[in-house]
Amino acid sequence: MKFDVAIIGGGLAGLTCGIQLAEQGKRCAIISAGQSALHFSSGSLDFLSYRPDGSAIDNPLDALAELAKHSPEHPYSLLGAECVKQMAGQAERLLQDCGLHFNGSIDHNHLRVTPLGTLRATWLSPVEVPTAAINSPLSWKRIAVVGIEGFLDFQPQLAAGSLAEQGIEVTTDYLHVPALDRLRNNPSEFRATNISRVLDLPENTELLAEELVRLADDVDAVILPACIGLENAKSVSLLCARVGKPVMLVPTLPPSLLGIRMHQALRRRFQQLGGQFMPGDSVLRAEIDGQCVKKIYTRNHTDIPVVADQVVLASGSFFSNGLIAEFDRIYEPVFGLDVLDASQRGDWTQENMFSPQPYLRFGVKTDQTLRGTVGGKPLSNLYIIGAVLGGYDPLQQGCGAGVSLVTAQYVAQQILALAEVAA
Ligand SMILES: Cc1cc2nc3c(=O)[nH]c(=O)nc-3n(C[C@H](O)[C@H](O)[C@H](O)COP(=O)(O)OP(=O)(O)OC[C@H]3O[C@@H](n4cnc5c(N)ncnc54)[C@H](O)[C@@H]3O)c2cc1C
């Protein structure tokens with residue numbers, strides 16, 4: 001199997017890199033072992049949300065200079081502020097071309113409502129998610145938070161409690177939609193994506209709208225758990241029109257409907273552009289000659305290697321098995337790349353679980369152009385993108401999706417530039 005580019009991992013980083021390359025005519029394969037972080041995410045994309053002192057960042061591009069001083073190993077610091085700005089703008093356009101509609105832009109972060117009703121700074125939020133400007137309250141005075149009876153992955157009272165602390169008048173209630181009764185009888189199947197498969201049916205939209213009109217009589221806006229609109233945002237805009245006021249979604253515990261919808265849209269776009277997506281397969285090992293990756297071998301195609309001019313590693317962090325932790329070592333399992341870590345086991349974590357955890361910054365080391373290294377020497381055709389990279393803390397800094405998108409765009413650009421030189 002011969003491709004121009006083989007990408008290992010089909011999460012946010014791998015897919016957006018593949019889309020950018022396929023748009024420019026590159027023959028790409030994405031080999032992807034399983035679900036990605038998107039399936040568990042909020043659906044909002046963070047670029048750079050918090051300073052080391054925990055304060056929220058309003059203008060993330062202005063904060064890059066400060067970041068370079070205190071986190072020189074951060075992927076943004078390696079690439080430089082001007083490049084990061086360009087790549088972020090490119091990523092915004094790419095997402096739009098995939099039919100994904102977000103509120104927000106790289107010029108200003110905003111606050112999104114979390115499942116607990118608190119506010120968290122972020123870069124882009126799906127249009128249905130309630131948001132406010134940094135340091136500003138939500139614009140509604142009275143909100144109804146409506147749960148779904150028997151649905152354990154979102155508790156309206158918890159969200160309402162925090163919203164009320166922000167001075168908002170909040171009511172809570174539950175949806176009564178008989179169409180959900182059969183699903184409700186099986187609690188383990190009563191999850192966001194399954195619920196949306198019922199609520200998104202055209203025959204149920206009117207029933208749902210009637211119920212919301214009843215519950216939202218004297219409020220300015222309604223907040224529901226994200227259990228509607230698995231395919232696209234259409235069902236929610238229909239509801240808004242029918243109810244006559246904003247109907248908004250907040251993320252639930254996983255599976256994340258908003259994240260899965262994003263994943264599906266990106267995968268669809270990649271395949272429409274001619275990309276080959278190989279789901280459920282994993283890269284086990286690679287053949288390296290000199291400093292060049294020659295062949296990669298997967299679990300499903302044991303004796304037929306994937307051969308590509310350029311290889312991109314987008315295999316995620318510990319969560320996706322892109323990094324493996326044993327008792328006394330951290331390693332990258334496919335190529336045995338150099339990693340940034342702490343040599344002493346005791347330095348991997350901090351006892352206070354709310355403190356920033358050092359292991360979150362562990363990951364693959366690269367040169368300035370994001371090529372992976374073994375024994376300090378770069379492999380000439382292996383690029384590293386997304387959560388498998390080291391040097392940053394996606395939780396404390398609030399930069400997970402931004403690093404994936406920016407590094408994916410940067411590496412796609414590097415590969416395209418190489419092809420131009422060769423032509
Ligand atoms: C639970 C969770 C929730 C998060 N929520 C948010 C959020 O709400 N907002 C935000 O900005 N950031 C969030 N993040 C940060 C997140 O890391 C990034 O936003 C981003 O989605 C990571 O994308 P990625 O493509 O780099 O890696 P991943 O999404 O982890 O994807 C890696 C993919 O590679 C595959 N893979 C691994 N090894 C192999 C192999 N050998 N062969 C083939 N395939 C392989 C995996 O199966 C997986 O599909 C979250 C992270 C986690 C873990």
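User: How does the shell around the ligand split by class: how many nonpolar, polar and charged residues?
Analyst: In this predicted model, the shell has 17 polar residues, 14 nonpolar ones and two charged ones.

User: Which residues come nearest to the ligand?
Analyst: Ala37, Ser42, Val283, Ser320 and Ala387 come nearest, out of 33 residues around the ligand.

User: And polar contacts, what does Ser404 do?
Analyst: Ser404 uses its side chain: a polar atom there sits 3.2 Å from an oxygen atom of the ligand. Backbone atoms take part too. A polar backbone atom of Leu12 is 3.2 Å from a ligand oxygen, and for Gln35 a backbone N or O atom lies 3.3 Å from an oxygen atom of the ligand.

User: How much of the ligand's accessible area does the protein cover?
Analyst: On its own the ligand has 1,000 Å² of accessible area, and the protein covers 86% of that.

User: Which elements give two or more residues to that shell?
Analyst: Helix 1 (12–23), strand 2 (28–32) and helix 12 (400–422). Helix 12 gives the most, with three residues.

User: OK, switching to pockets. How much space lies in the second largest one?
Analyst: About 360 Å³.

User: What lines the second largest pocket?
Analyst: Going along the chain, you meet Tyr50, Arg51 and Gly54, then Met353, Phe354, Ser355, Pro356, Gln357, Tyr359 and Leu360, and finally Leu395 and Gln396. By class, that lining divides into seven nonpolar residues, four polar and one charged.

User: Zooming out, how many helices and strands does the chain have?
Analyst: Twelve helices and 21 strands. The radius of gyration is 22 Å, close to the 22 Å from the globule rule for 423 residues, so the chain is as compact as a globular protein of that length.

User: What box do the C-alpha atoms fill?
Analyst: Roughly 70 × 45 × 45 Å, taken along the principal axes.

User: Now the backbone. Is the Pro254 to Pro255 peptide bond cis or trans?
Analyst: That bond is cis, with omega near 5°. Most peptide bonds are trans.

User: Where does Pro255 lie?
Analyst: In the loop between strand 11 (247–250) and helix 10 (257–272).

User: What about Asn135, is phi positive or negative there?
Analyst: Positive: phi of Asn135 is near 65°, and this is a residue other than glycine. Most residues other than glycine have a negative phi.

User: And where is Asn135 found?
Analyst: Asn135 is in a loop as well, the one between strand 7 (131–133) and strand 8 (142–148).

Terms used. Residues numbered from 1 in each chain as written. Predicted model: local features only at pLDDT ≥ 70, side-chain atom pairs only at ≥ 80, totals over all residues. Heavy atoms only, no water. 1 Å grid on protein atoms, 1.4 Å probe; cavity = no way out; pocket = protein on both sides within 12 Å on 5 of 7 lines; lining within 4 Å. Points joined across faces, edges and corners; volume = space filled by probe spheres on them. Nonpolar A, V, L, I, M, F, W, Y, C, P; charged D, E, K, R; others polar. Near = heavy atom within 4 Å. Polar contact = N/O pair within 3.5 Å; in protein donor to acceptor, adjacent residues only side chain to side chain. Areas by Shrake-Rupley, 256 points an atom, 1.4 Å probe, with all protein chains shown as cover. Helix = DSSP H or I, 4+ residues; strand = E, 2+ residues; numbered from the N terminus. Rg over C-alpha atoms; globule rule 2.2 N^0.38 Å.
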